Each structure stands twice: as structure tokens, then as C-alpha cells.
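This report goes through one protein chain, from its interior to its strand pairing, its charged pairs and its surface. The sequence and the structure come before the discussion.

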Amino acid sequence: MKMSGLLLGLLTLYVPLTALAGKVPLAELCVVLAGEWQGTAANPTLAPMAVSTSVMCSADKRNIYISVSRGSRFSNSETWWFRQQQDKVLLVYGNGVTEDITQQLTLYQQAGSFSFLGEGEINQRPALVQLQFDPIKASIEQPVAGWQWLQSAHYLDDDSEQYQVVRALSLLKP
């Protein structure tokens with residue numbers, strides 16, 4: 001089977017999101033995410049750490065720049081620069097430690113959640129990448145609304161049919 005056929009087959013496994021979700025421009029996410037956030041970041045190998053996150057949008061809302069504070073994974077901050085390019089979004093990720101990573105993604109929205117999907121590499125392994133922003137509703141236990149940012153991968157060299165969470169961040173208003 002050719003790589004494109006394999007990729008198409010794997011993407012069809014993720015039908016629930018793409019069948020019910022619609023492609024949206026970056027401006028849709030920009031409007032709800034811009035601002036200053038506090039929260040925690042965690043991955044499967046490290047204990048949760050407090051982080052602060054700044055999200056800035058360009059005036060035309062075709063660029064989103066996310067800066068996650070020091071302490072999330074490395075001793076310095078990391079940046080996520082999303083740029084709208086026709087119907088795709090170009091992501092440039094940098095952390096000052098490893099080489100910058102560039103990926104092309106598509107942004108979908110479903111029931112208030114936003115999800116970037118694309119093919120790339122995570123932990124030096126080819127993967128389908130998902131960056132999902134789910135709203136956190138305010139409640140008695142959680143009086144501040146915000147966002148849960150899940151960074152997940154479906155490794156192409158693995159027979160599993162599920163995405164694995166690589167890291168999660170909570171974004172809560174200070």
C-alpha cells in the first residue's frame with residue numbers, strides 16, 4: 001500500500017471529528033483564544049508544572065502566536081506560530097533547544113472545540129498530529145472558564161488505531 005493510501009486509511013479512522021466538523025479559518029480560533037492565560041502543562045513522563053501562556057493575534061487574524069512560559073518542557077519558553085495559507089495553516093514551533101519544526105495543518109471546529117490535524121513527526125516518529133482546544137466550562141468546582149489544549153499523535157509506525165496524548169495544557173484566565 002502506498003503511503004498516501006495508508007494516510008487516507010488512517011484519516012478515515014478519525015471520521016467522527018472530520019465528518020461532523022467543518023473547516024474554519026484561523027480567525028475563528030483567534031477570536032476566542034487571544035489573551036493571557038495561567039494553568040498547568042503535563043505529559044506522560046513528567047509531573048504537571050505551572051505555566052503561563054500568552055496568545056496574540058495579528059490585526060487581520062491570519063496569524064496566531066502562542067508563547068508558553070518557561071518550565072513547560074524546557075528551561076526556556078516555547079513558541080507556536082500559526083499562519084493562515086489559503087485553506088491550510090502553517091505551524092512553526094520553536095523552543096530554543098531543538099530545531100524549529102514546521103508543519104502544515106487543517107483547522108476544524110465542532111461543538112465549540114477546535115482541532116488542528118496534519119501529518120508530521122513527533123519524537124522522531126512519523127505521525128498524524130492533532131492539536132485540540134476544548135472549552136472548559138465554568139462550574140462550582142472550576143469557577144474560571146478556559147481551554148484544555150491536548151497535543152496528540154497517531155504514530156504511523158504503530159498498529160494502534162488511537163491517538164496518544166503527548167502533552168496537555170490548561171489555559172485559564174488569571
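Which residues does Phe 116 touch, not counting residues up to four places away in sequence? In this predicted model, the contacts of Phe 116 are Leu 26, Leu 29, Phe 82, Val 89, Leu 105, Thr 106, Leu 107, Val 129, Gln 130, Leu 131 and Phe 133. Apart from Thr 106 and Gln 130, the names in that list include several leucines, valines and phenylalanines.

**Nonpolar cores**

Phe 116 is one of the residues with the most contacts inside the largest nonpolar core, which has 33 residues. The others named for their contacts there are Ile 66, Trp 80, Phe 82, Leu 131 and Phe 133. Another core, of 6 residues, lies apart from the largest one, and its members include Ala 21, Tyr 108, Leu 128 and Leu 156. In soluble globular proteins, nonpolar side chains tend to be buried together.

Leu 128, a member of the core of 6 residues, sits in strand 9. Its relative accessibility is 3%, so Leu 128 counts as buried. Between the C-alpha atoms of Leu 128 and Tyr 155 there are 6.4 Å, although the two residues are 27 residues apart along the chain.

**A buried polar residue**

Is Gln 103, in strand 7 (residues 101-110), buried or exposed? Gln 103 is buried, because its relative accessible area is 10% and the limit for a buried residue is under 20%. Residues up to four places away in sequence aside, Gln 103 touches Val 89, Leu 90, Leu 91, Glu 119, Gly 120, Glu 121 and Val 129. Val 89 and Val 129 are also among the contacts of Phe 116.

**Strand pairing**

Strand 2 (residues 35-43) runs antiparallel to strand 3, with 8 bridges between them. A hairpin of 2 residues connects strand 2 to strand 3, and Gly 35 is placed opposite Val 55 of strand 3. Strand 2 also pairs with strand 11, again in the antiparallel sense, over 3 bridges. In that pairing Ala 42 has Ala 168 of strand 11 as its bridge partner.

Ala 168 is also the bridge partner of Leu 150, and strands 10 and 11 are joined by 8 bridges in an antiparallel arrangement. Strand 10 is paired with strand 9 as well: they run antiparallel and share 10 bridges. Within this pairing, Asp 134 has Gln 148 of strand 10 as its bridge partner. Of the 10 residues in strand 10, 8 are buried, which leaves the strand mostly covered.

**Salt bridges**

How many salt bridges does a search of the whole structure find? The search finds 3, listed below with the N to O distance of each pair.

| Pair | N to O distance |
|---|---|
| Asp 87 and Lys 23 | 3.9 Å |
| Arg 167 and Glu 78 | 2.6 Å |
| Asp 157 and Arg 125 | 2.8 Å |

Side chains of opposite charge can pair when their charged atoms come close.

Asp 87 forms its salt bridge with Lys 23. Asp 87 is in the loop between strand 5 (78-85) and strand 6 (88-94), while Lys 23 is in strand 1 (residues 22-23), so this pair ties together parts that are 64 residues apart in sequence. Asp 87 counts as partly exposed, at 47% relative accessibility.

Arg 167 and Glu 78 meet through their side chains in a second salt bridge. This pair links distant parts of the chain, 89 residues apart, with Arg 167 in strand 11 (residues 164-172) and Glu 78 in strand 5. Arg 167 is buried, with a relative accessible area of 1%, and Glu 78 counts as buried at 1% relative accessibility.

The remaining salt bridge is formed by the side chains of Asp 157 and Arg 125. Asp 157 lies in the loop between strand 10 (146-155) and strand 11, and Arg 125 in strand 9 (residues 125-136), so that distant parts of the chain, 32 residues apart, are linked. Arg 125 counts as partly exposed, at 28% relative accessibility.

**Nonpolar surface**

Which residues make the nonpolar surface patch of about 280 Å²? The patch is made by Met 56, Tyr 65 and Trp 81. Met 56 belongs to strand 3 (residues 46-57). With a relative accessible area of 42%, Met 56 is partly exposed.

Notes. Residues numbered from 1 in each chain as written. Predicted model: local features only at pLDDT ≥ 70, side-chain atom pairs only at ≥ 80, totals over all residues. Heavy atoms only, no water. Patch = residues over 30% accessible without salt bridge, like charges linked within 9 Å, V, L, I, M, F, W, Y side chains within 5 Å. Areas by Shrake-Rupley, 256 points an atom, 1.4 Å probe, with all protein chains shown as cover. Salt bridge = Lys/Arg side-chain N within 4 Å of Asp/Glu carboxyl O. Helix = DSSP H or I, 4+ residues; strand = E, 2+ residues; numbered from the N terminus. Buried < 20%, exposed > 50% of the residue type's maximum accessible area, 1.4 Å probe, protein only. Core = buried A, V, L, I, M, F, W, Y, C linked by side-chain atoms within 4.5 Å. Contact = heavy atoms within 4.5 Å. Pairing = 2+ DSSP bridges.
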